[in-house]
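Below is a note for a colleague who will be working with these coordinates. It takes up individual contacts before turning to the fold as a whole.

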Amino acid sequence: MNLALFDFDGTITHNDTFSLFLKFSLNKKTQILGGIRLAPYIAGYKLGWVTDKTIRTKLCQVGYVGYDAASLKYMGEEFAKNILPTCVRQNALERILWHKKQGDRIVVVSASLGIYLESWCQSLDLEVICNQLEIRDG
């Protein structure tokens with residue numbers, strides 16, 4: 001048995017699913033107010049002064065503070081079921097299925113969020129290493 005490691009965004013998918021999930025799961029008001037609040041971080045990110053990790057953390061902190069964990073879990077499952085299949089590159093999916101047929105261990109390694117990526121990986125019986133949102137008091 002071999003080990004097959006796959007990056008998710010830009011390798012398995014055509015695009016950045018983190019940004020798509022933010023748009024999918026956050027209402028317009030939260031998106032606009034969060035964008036205003038995080039404008040210095042966003043500008044810094046675009047200029048290369050703020051890391052990807054920092055901007056993702058800030059976006060999640062501002063976007064999901066006070067968000068109900070059960071609702072977010074549901075949104076992640078819906079996103080995985082209805083949106084992610086439209087993002088997946090056919091040739092990447094074929095390669096994953098080829099590795100499965102070979103009996104290889106397949107692990108998706110990603111900076112994406114487990115709230116949606118775990119559900120997608122589970123549907124294909126794949127292992128996953130990804131970012132997790134911290135849940136406090138539900």
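1. In this predicted model, the side chains of E134 and R136 form a salt bridge, with an N to O distance of 2.8 Å. Both partners, E134 and R136, are exposed. The count of salt bridges comes to six, and the points that follow take up some of the others.

2. Which strands are linked by the salt bridge between R105 and E127? The two side chains meet at 2.7 Å, N to O, and the pair connects distant parts of the chain, since R105 lies in strand 2 (residues 105–113) and E127 in strand 3 (residues 127–131), 22 residues apart. As for solvent exposure, R105 counts as partly exposed at 42% relative accessibility, and E127 is likewise partly exposed, with a relative accessible area of 35%.

3. Within helix 5 (residues 52–64), D52 and R56 are four residues apart, about one turn of the helix. An α-helix has 3.6 residues a turn, so residues three or four places apart point the same way. The two side chains form a salt bridge in which the closest N and O atoms are 3.1 Å apart. Side chains of opposite charge can pair when their charged atoms come close.

4. Is each partner of the helix 5 pair buried or partly exposed? D52 is partly exposed, with a relative accessible area of 34%, whereas R56 is buried, at 12%; the cut-off for buried is under 20% relative accessible area. The pair also belongs to a network of salt bridges that links D16, D52 and R56.

5. On the charges of the protein taken together, there are 16 positive and 14 negative side chains, and the centres of the two sets lie 6 Å apart. A reader who intends to assign protonation states may wish to keep the salt-bridge network of D16, D52 and R56 in view.

6. Strand 1 (residues 3–7) shows an alternation of its side chains: A4 and F6 point to one face and are buried, while L3, L5 and D7 point to the other face and are not buried. Strand 1 pairs with strand 2 in the parallel sense, over five bridges. What is the bridge partner of F6 in strand 2? For F6, one of the buried residues of strand 1, the partner is V108.

7. Helix 9 (residues 114–123) contributes several buried residues, namely G114, Y116, L117, W120 and C121. The helix is followed by D125, whose phi is positive, near 60°.

8. Turning to the fold as a whole, the secondary structure comes to nine helices and three strands, and from the N terminus on the elements run β-α-α-α-α-α-α-α-α-β-α-β. Among contacts between residues at least 6 apart in sequence, 65% join residues at least 24 apart. The parallel pairing of strand 1 with strand 2 can be read against that order of elements, in which eight helices stand between the opening strand and the next one.

9. For the overall dimensions, the C-alpha atoms fill a box of roughly 50 × 35 × 25 Å, taken along the principal axes. Of the 138 residues, 35% count as buried. The protein exposes about 8,600 Å², of which carbon and sulfur atoms supply 55%.

Notes. Residues numbered from 1 in each chain as written. Predicted model: local features only at pLDDT ≥ 70, side-chain atom pairs only at ≥ 80, totals over all residues. Heavy atoms only, no water. Helix = DSSP H or I, 4+ residues; strand = E, 2+ residues; numbered from the N terminus. Buried < 20%, exposed > 50% of the residue type's maximum accessible area, 1.4 Å probe, protein only. Contact = heavy atoms within 4.5 Å. Areas by Shrake-Rupley, 256 points an atom, 1.4 Å probe, with all protein chains shown as cover. Lys, Arg positive; Asp, Glu negative; His and termini not counted. Charge placed at Lys NZ, Arg CZ, Asp CG, Glu CD. Salt bridge = Lys/Arg side-chain N within 4 Å of Asp/Glu carboxyl O. Pairing = 2+ DSSP bridges.
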